[in-house]
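Reader: Please pick one part of this chain and go through it closely: what it touches, how exposed it is, and how the parts beyond it are held to one another. I would like a single connected account rather than a list.

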Amino acid sequence: MRADAQIGVCNGRLGNNLPSEQEVVELYKSNGIGRMRIYDPNPQTLQALRGSNIELVLDVPNQHLEPLANSTVAASKWVRDYVLNYYPDVKFRIIAVGNEVNPNIGMAHFAPFVLLAMSNVYDALVSASLKDEIKVSTVTYRGLLRTSFPPSQGLFEGAWFSFMVPIINFLQNTNNPLLVNIYPYFSHIGDPQNMPLSYALFTAQGVGVQDGQLLYRNLFDVILDAIYSAVEKAGGPDVEIVVSESGWPSAGGTAASVENAGTYYRNLINHVKGGSPKRPGRAIETYLFSMFDENQKVGAESEKHFGLFSPNKQPKYQNTWATTPLVESLVLYCTI
């Protein structure tokens, strides 16, 4: 896979019927998928990735944030145990320190530790002379925006602003990206009248939103550029956004079908080659969610049905359209 290919796939493991870690890595390789995101430093997955040339986004789980924030020794040990012990056989791309921490709800108790943990992990990579090889970031989502429409008005306010500004300043000063999970699916089902299905699936005809000189034909770009606007206002004009998750369920909820999911994934793969209206001509590094259906995911039934593959390793969307199966689209894009 060439370095300029931008598509990866998230490897969620919340299922009791999933293939072994080695089988998963072989499935990535056989389908030309050259980037993976995993949500915890699972030694079996890391071991299976040795020599695969798959580039890895490795999460620091939220429950690890406090000890890594409070101790440089603990952060150095974490980096040694889960990065240095596998490097360079495993091609680490980004360490994602925390996932969707919100200072105002459920996970607010994690918020004070995100930046400190990021900084300590970064310093450990500096000590290992790897700061230019492995990026350090955290994962956020649209819910932290106080304002998101039109995209130019994207803004963090209040607790969100106080939480995000120091993080964005860190990313700006260290030349690291911000990771963002973007789901037009949830925006659509939350407000289908104002966010119609075609606008979420990249199939709308014509312009949906005009924002100054910028024209928006899909909801994905609206969300992404609203976050770019908020990041710029928070002091990060040079911070790049990596889309760390985006997907559509094939069952279990409103508008959740094999046809809609296949359409979304195919159009997303094609769309991110060209950037967004605010950042045109710059391919968007994007991770599809996810590799497999996960029968142990909690929440709505749809959460269990985001996989590109069924647990038996068969591609779910191979017959969704006649000419370009989803996996073929992904392989073609990743090998251009």
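Author: Not counting residues up to four places away in sequence, Pro166 touches two residues, Leu115 and Phe161. This is a predicted model, and the account should be read as such. Pro166 sits within helix 6, which runs over residues 158–174. Its relative accessibility is 34%, so Pro166 is classed as partly exposed: the value falls between the 20% limit for buried and the 50% limit for exposed. There is also a long step in sequence here, since Val114 is 52 residues away from Pro166 along the chain, while their C-alpha atoms are 10 Å apart in space.

From there the account moves to helix 5, which covers residues 114–127 and packs with helix 4, residues 72–84. Two packed helices are described by the angle between their axes and by the distance between those axes. For helix 4 and helix 5, the axes come within 9 Å and cross at roughly 60°. Helix 4 therefore counts as oblique to helix 5, because that angle lies outside the 65 to 115 degrees set for roughly perpendicular and is not under 35 degrees, the limit for roughly parallel. The crossing of helix 4 past helix 5 is right-handed. On the helix 4 side the contact is made by Thr72, Ala75, Ser76 and Val79, and on the helix 5 side by Asn120, Val121, Ala124 and Leu125. Sorted by type, the residues of this contact are five nonpolar and three polar, with no charged residue.

Charged pairs are found elsewhere. The count of salt bridges comes to 20. In one of them, the side chains of Glu285 and Arg35 come together at 3.6 Å, N to O. Glu285 is in the loop between helix 10 (258–271) and strand 10 (286–288), whereas Arg35 is in strand 2 (residues 35–38), so this pair ties together parts that lie 250 residues apart in sequence. Glu285 and Arg35 are both buried.

Strand 2 also supplies Arg37, whose side chain forms a salt bridge with that of Asp59 at 2.8 Å, N to O. Asp59 belongs to strand 3 (residues 55–60), and the pair links distant parts of the chain, 22 residues apart. Asp59 is buried because its relative accessibility is 2%, and Arg37 is buried at 0%.

Lys297 and Glu303 form another salt bridge, at 3.6 Å, N to O. Here the partners fall into separate classes: Lys297, at 15%, counts as buried, but Glu303, at 21%, counts as partly exposed, because the limit for buried is under 20%. Salt bridges also join up into a network, which links Glu232, Glu240, Lys278, Arg279 and Arg282.

One last residue is Tyr264, which lies in helix 10. With a relative accessible area of 0%, Tyr264 is buried. Leaving aside residues up to four places away in sequence, its contacts are Ile182, Pro184, Ala200, Leu201, Phe202, Phe220, Ser246, Gly247 and Trp248. Of these, Gly247 is 17 residues from Tyr264 along the chain, and the two C-alpha atoms are separated by 7.5 Å.

Notes. Residues numbered from 1 in each chain as written. Predicted model: local features only at pLDDT ≥ 70, side-chain atom pairs only at ≥ 80, totals over all residues. Heavy atoms only, no water. Helix = DSSP H or I, 4+ residues; strand = E, 2+ residues; numbered from the N terminus. Buried < 20%, exposed > 50% of the residue type's maximum accessible area, 1.4 Å probe, protein only. Contact = heavy atoms within 4.5 Å. Axes fitted to C-alpha atoms, helices over the stretch in contact; angles between N-to-C directions. Parallel < 35°, antiparallel > 145°, perpendicular 65-115°, else oblique. Left-handed = near helix turned anticlockwise from the far one by under 90°. Nonpolar A, V, L, I, M, F, W, Y, C, P; charged D, E, K, R; others polar. Salt bridge = Lys/Arg side-chain N within 4 Å of Asp/Glu carboxyl O.
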